[in-house]
Amino acid sequence: MTRILISAGEASGDLHAGAVTRAIKQLEPEAEVFGMGGGCLREAGGEVLFDIKDHSVMGFVEVLKRLPDIWKLRNAFIKLMDRRKPDVLLTIDYPGFNMRLAKLAKERGIKVVSFIAPSAWAWRPSRAAGVVKVVDKIASIFPFEYNLYKSYGADIEFVGHPLVDTVKPSLPRNEAEQLAGKRGGHPLILLMPGSRTMEIQRLLPDMLAAAKILKQKRPDIDFAMPRAVTIAREMLEGPVKQAGLDIKLTEGHNYDVMSVADLAIATSGTVTLEAALCGLGCEILYKASPISFWIAKQVVEIPNIGLPNIVAGRLIEPELLQDDCTPEKIAAAALELLEPERFALLQRDLQEVKEKLGERGAVKRVAELVLRVARQNRDRHLLPR
């Protein structure tokens, strides 16, 4: 029986963990998949031993504050590896923790596959060398990522982006419109403040203040807010009620909601790429603690942080970062994006982003790769010495 240890540390990683686990189970129903994830991993048949709700954290300073918890999680993973002796470790994103975990697995003779590999192309190319030392196989999701890691000697395969498989509306359009609160002739703007508590605390107040400005200038605009599974409903309902806004809070069917909306105001992250695949343009927001933001500016080596902009190779969606992330600027950017000519241009740019993300089948290709590496590792240990 194949034993696969999996580590996905936040909501977007859990989405991919669930998709890959489902594909693994289809290929090998008896395979054991266990480790860190959330609801998506659990629903796909994976055993969630460490829940992402308890371990998601962002920002340099914030990570330092959580070091004791991270250290405890590391030790728990060590005990798990020693007890259940997995054939392979599959790491999904969450690089700060997962690359340390990969080193520990490698020391124990466990093969490591990295899916959604550390963004060496964003931070510094030389970072790829460190990843190659602790990872046996990389499943690459971007062509430019493949080229960089290959230049550092990585054993890497381009699988395409998994969101091309997983992002697809499932409801008839009229049901999706009803769920989202979409009314004919009324622009619908989604507020997507993030999947981490810190993101909600930092960005939701600005989003709500911007929504009030937008409502004053364009009374015809409606608002909806998809809730991330990692965020308690009360954390969103309270501020919305306090702001005195009529915002529909939606549960589930996020891609259906995205597919009928006109624009999103979103925290930077995977959700902006999910929106792009639904044909939904975003203005992209980012805020961190002043120290974390200063450190990030020193080490990030790309001009844009929004994933659709990075894939496009140019700025197609506005990015409002740190001090520029004010209610007034958020509202102004939204009004500009709703202008017919600007809206049409963004739709053409989003189509280009879709085409660059590759063909369907990435999830199955990752599952096949993980099972292949696991079997090779198991067979290697069975050979006579």
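**Exercise 1.** At roughly what angle do the axes of helix H14 (residues 270–277) and H18 cross, and within what distance do they come? Classify the arrangement and describe the contact.

*Solution.* The model examined here is predicted.

Step 1. The two axes come within 9 Å and cross at roughly 105 degrees.

Step 2. Angles of 65 to 115 degrees count as roughly perpendicular. H14 and H18 are therefore roughly perpendicular to each other.

Step 3. On the H14 side, the contact is made by Leu-273, Ala-276 and Leu-277. H18 contributes Leu-350, Val-353 and Lys-354.

Step 4. Sorted by character, the residues of this contact comprise five nonpolar, no polar and one charged.

**Exercise 2.** Is Asp-349 buried or exposed? Place this residue in its helix and name its contacts.

*Solution.*

Step 1. Helix H18, which spans residues 340–356, contains Asp-349.

Step 2. A residue is buried if its relative accessible area is under 20%. Asp-349 has a relative accessibility of 11%, so it counts as buried.

Step 3. When neighbours within four places in sequence are left aside, Asp-349 is in contact with Arg-314 and Ile-316.

**Exercise 3.** In what order do the seven strands of the open sheet lie? Identify the edges and examine the pairing of S6 with S7.

*Solution.*

Step 1. The order of the strands is S3-S2-S1-S4-S5-S6-S7, with parallel pairing.

Step 2. Strand S3 (47–51) and strand S7 (156–158) are the edge strands, because each pairs on one side only.

Step 3. From one strand to the next, the twist averages 20 degrees.

Step 4. Strand S6 (residues 137–140) pairs with S7 in the parallel sense over three bridges. Ile-138 has Ile-156, in S7, as its bridge partner.

**Exercise 4.** Which strands does helix H1 touch, and which does helix H8 touch?

*Solution.*

Step 1. Helix H1 (residues 11–27) packs on the sheet and touches strand S1 (3–8), strand S2 (32–37), strand S4 (88–92) and strand S5 (111–115). The direction of H1 makes about 160 degrees with that of S1.

Step 2. Helix H8 (residues 143–151) also packs on the sheet, where it touches S6 and S7. The direction of H8 makes about 165 degrees with that of S7.

**Exercise 5.** Into which domains is the chain divided, and how far apart do their C-alpha centres lie?

*Solution.*

Step 1. Domain 1 covers 3–160 + 361–382, and domain 2 covers 173–357.

Step 2. The C-alpha centres of domain 1 and domain 2 are 28 Å apart.

Methods: Residues numbered from 1 in each chain as written. Predicted model: local features only at pLDDT ≥ 70, side-chain atom pairs only at ≥ 80, totals over all residues. Heavy atoms only, no water. Domains from an automatic or database assignment. Pairing = 2+ DSSP bridges. Helix = DSSP H or I, 4+ residues; strand = E, 2+ residues; numbered from the N terminus. Axes fitted to C-alpha atoms, helices over the stretch in contact; angles between N-to-C directions. Contact = heavy atoms within 4.5 Å. Buried < 20%, exposed > 50% of the residue type's maximum accessible area, 1.4 Å probe, protein only. Parallel < 35°, antiparallel > 145°, perpendicular 65-115°, else oblique. Nonpolar A, V, L, I, M, F, W, Y, C, P; charged D, E, K, R; others polar.
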